[in-house]
Structures are given as C-alpha cells and as structure tokens.
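Me: I am new to this structure and would like a close look at a single part of it. Please take one helix, describe what surrounds it, and then follow its neighbours.

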Amino acid sequence: MLRREFLKLSAAAAALHRLQQPATTTAKPSLTEQDETFLDDLERRGCLFFMEQASPTTGQVLDRADARVANPTNDKLDSRRMASIAATGFGLAALCVADKRAYQPRTRIVDQVRRTLRFHAEKLPNVHGIFYHFNDIETGERFRDTEVSSIDTSILLCGILTARAHFHDDAEIQKLATTIYNRVEWPWLLNIPGEQTLCMGWKPESGFLKGRWNHYCELMMIYLLAIGSPTHPIDPACWNAWSRPKMSYAGFDYISAADPIFVHQYSHAFFDFRYQRDAYADYFSNSILATRAHQRFCLNLGKPYTPDYWGISASDSQHGYTAWGGPPGEGRIDGSVVPNATAGSLPFLPVECLRVQRTLRERYGKYAWGRYGFCDAFHPDAQWYDPDVLGIDLGISVLMAENLRTGFLWQTFMRNPETSLAMQRAGFHKQ
C-alpha cells in the first residue's frame, strides 16, 4: 500500500473513531410470557417454511411461496421453481433453531441438512466455489441469467457453518460443510491486480460485474469469511479497503450509506459483534443507532406511521420488489409496512420492535399472518396484503428473534474457529 494511501486510511479511521458515539449496546430486556409466546410462534412458523418449501431431493429453498397456503405437504411445493441460495442459507440456520426448539423431529431435520449439503457439495454448479444466486429448485440449473453472487454465497456459507457447529457430532455434516467452505476461491473475486475490494459477482456472458463491495453495508460477512478461509484467504488489509461513510439524521450519527435497513442486520445474524470493535467502530452499537434513525425517519413521515406501525426494508410492494427505506428516503414509500424490518432489528431495539411486531399481528393478523408468519409486506389503508412470503425475509426474522431470546445463533456460529480467527485478523478486540 502506498504511504499516502496508508495515511489517508489512518486519518479516516481516526476521524470515524472520534465520531462514533459511546457504546449503546442494549441489555436483553425482560421478556414477558406474552412476548415469549409471540416470538416462539413467529419462529415456529418461519422454520416451517424452510421445512415445507425446500425440495425433498436437493434441499434447496424456494425464493418465495404463497403466504396464504393453508395446509401444504412436503412433497408438494409451491409451483414456482426458483430457489435462492441465500434463502437456503437462512434455512440451514433456521433448521438449527428448529432442532434446538424441537419444532420438528431431529431425524427429519438432520436428514434435510445432510441432503442439502450433499447437493451443494456434489451437484450444484459453482464457479470457483461460488454459487449462482438463483437456481432451479430440482435440477440446480442456473435460473435465467442470474449472476454468480458473492453475497448470496456468503449467506449460504453462514448457514452451512452454523449447521456444522450445531451438528458437531455428525461426521457427514462436518465433512460436507467444510468441503463447501474450503473450496471457495475468494481471491478470484478481487479480479483486478492490486485491488482490495471484492466484486459483487460474475456472469458467463459478460464476466465480472461492475459493482464492488466498497462501502459499509451487509458486506462484513463476505470479508470475514474470506479473511478466515483456511484454504483461499484474502489479505486482512482488505478489511480496511471499504469505506465507512458517516450518516447523520435527527441527532443520530452512525456509519451507513443510502441503503435499506437490512444492511445493518444480515451480518449481525451470525457474527457476534457485541461488546467489541475494530479500528473504526462498534458495529453492534452502530446498528442500534441506525435502527433508531430508521424509526425516527418513519415517524417523521407522518400517517400512517406511528410507534405501533413502522419499518420499511427491501421487500415486495404493490408495484413489485422494491429496495426502499431510509434515511435518506429511498423508493416510493406509500404507507406500507415491512414486518421483517423490525423483526430483523429485534436485538437492537427489543422493546420498540416487539411493540410493532405484536401490534401488527393483533391488528392485521386476519390478513397479514398465515402459516409461515407475516406476509412479506402490507398496506392496510390500501387494502393490500402481499400474497407471498420471501425466504430471506422470514430467515432474518427467525434468526434475530432467537438471538434476542437466547443468543443461540451467535453462540453457535462463533464456535467455528474460522470466524473468531477472521475477526482477530480484522483487528477486533473486546471493549
């Protein structure tokens, strides 16, 4: 690294360190019996999606399914064929929750985990160990012109490593999970000599995508998985290569860009950033501040948003899938609410997010709450309720609900030696 570049990064790090507010890690609240009952129902229903909407042959999980299905059987999936590797990754972690909570027989869960890992280790097409974002749920063929995706592969790997740590006494799960993780050639994603930020993806028709993971968002999991790889690691200096822009809104100063709220949730579902920091920030406290800013942003929009009804994240809308939210305002915000926005932030603002979650079910459950929990988004004033649920949105809801209750995903995932090594290499230390 050139000296001027080093000095520039050092100055930026020092500035961000000064700007970062003191740690605001929220202590776990005393959940009431009603809170626990609600969260358990949310988790049970979400886990059921990952059992019923996974192929009995490949273990791949559908990207989306009918929210109003009454009584499906595991041998009759939703008729759509597009599986998502990110949904499959969230699903593997959710299966660990289902096993911990005894939502399904252990033998059935273990069989599904093994089946999923076998298919991904032995049959699902990959490029340098990285998978296509969407695939046919039964054949594994690339779905249309989807890209080889670094972020979606990372979510899959987080689920795989969670399963490896949870089912630690199963030799086949250990072997398959390790094989899938170890074969990923992370340096290939740098793709430009001297480059230190990772590329978002690749297509066989056109090569590497132009987009790079170069500013703070959900990217932390990608870099940490790559830095911790025992076979194809990237230089830990890559952790310093992406920017950490400062956002200010309504008195809250935090690291973020103009992205939906989920970017402050995804890496936190697996990596335990509590009570520690790197040279730049306490990222858990940062997510607390980002969530408070998002809540204030929603309330400042006025009706219909209230302390009982707020939260917008990338989701379905009346006008198609939308990356919306704020601050700053993004997308055509029309009064809809997205349940996973607050469900995915449960560990950050437990009291406020639980209030929204329980109120949404109490007021709108007749139309918005079904076999798998909340539909993906809804707008009661427009009498619109999304007919679908999305795997990634159910996944973040299940995982963060369980992390609020017990910290189970954090404790399990962090037992993988590669994860703690990666955080050590990236410069994390206890506060």
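Reply: The helix chosen here is α4, and the place to begin is its cover: the elements over the buried residues of α4 include α2 (33-52), α3 (85-100), β4, α5 and α6. The model is a predicted one.

The residues of α4 that are buried are Ile-109, Val-110, Gln-112, Val-113, Thr-116, Leu-117, Phe-119, His-120 and Ala-121. In an α-helix there are 3.6 residues a turn, so residues three or four places apart point the same way. As for length, α4 has 17 residues, which at 1.5 Å a residue should span 24 Å; the C-alpha atoms at its ends are 24 Å apart, so the two values agree.

Thr-107 also belongs to α4. Its relative accessibility is 57%, and Thr-107 therefore counts as exposed, the cut-off being over 50%. From Thr-107 to Tyr-321 the C-alpha distance is 37 Å, with their positions 214 residues apart in sequence.

One of the elements covering α4 is α5. Thr-162 is located in α5. With a relative accessible area of 0%, Thr-162 is buried, because that class takes values under 20%. Leaving aside residues up to four places away in sequence, Thr-162 touches Ala-93, Cys-96, Phe-270, Leu-409, Thr-412, Phe-413 and Asn-416.

Another element covering α4 is α6. Helix α6 runs over residues 171-182, and its 12 residues should span 16 Å at 1.5 Å a residue; its end C-alpha atoms are 16 Å apart, so expectation and model agree. At the start of α6, a side-chain oxygen of Asp-170 comes to within 3.1 Å of the backbone nitrogen of Glu-172. Buried in α6 are Ile-173, Leu-176, Ala-177, Ile-180, Tyr-181 and Asn-182. Their cover includes α4 (106-122), β4 (130-131), α5 (150-166), α7 (220-228) and α13 (417-425).

Two helices from that cover, α7 and α13, also pack against each other. Packed helices are described by the angle between their axes and the distance between the axes. For α7 and α13 the angle is about 100 degrees and the axes are 8 Å apart. Helix α7 is therefore roughly perpendicular to α13. On the α7 side the contact is made by Leu-224, Ile-227 and Gly-228, and on the α13 side by Glu-418, Ala-422, Met-423 and Arg-425. By type, the residues of this contact are four nonpolar, one polar and two charged.

Terms used: Residues numbered from 1 in each chain as written. Predicted model: local features only at pLDDT ≥ 70, side-chain atom pairs only at ≥ 80, totals over all residues. Heavy atoms only, no water. Helix = DSSP H or I, 4+ residues; strand = E, 2+ residues; numbered from the N terminus. Expected span 1.5 Å × (residues − 1). Buried < 20%, exposed > 50% of the residue type's maximum accessible area, 1.4 Å probe, protein only. Contact = heavy atoms within 4.5 Å. Polar contact = N/O pair within 3.5 Å; in protein donor to acceptor, adjacent residues only side chain to side chain. Axes fitted to C-alpha atoms, helices over the stretch in contact; angles between N-to-C directions. Parallel < 35°, antiparallel > 145°, perpendicular 65-115°, else oblique. Nonpolar A, V, L, I, M, F, W, Y, C, P; charged D, E, K, R; others polar.
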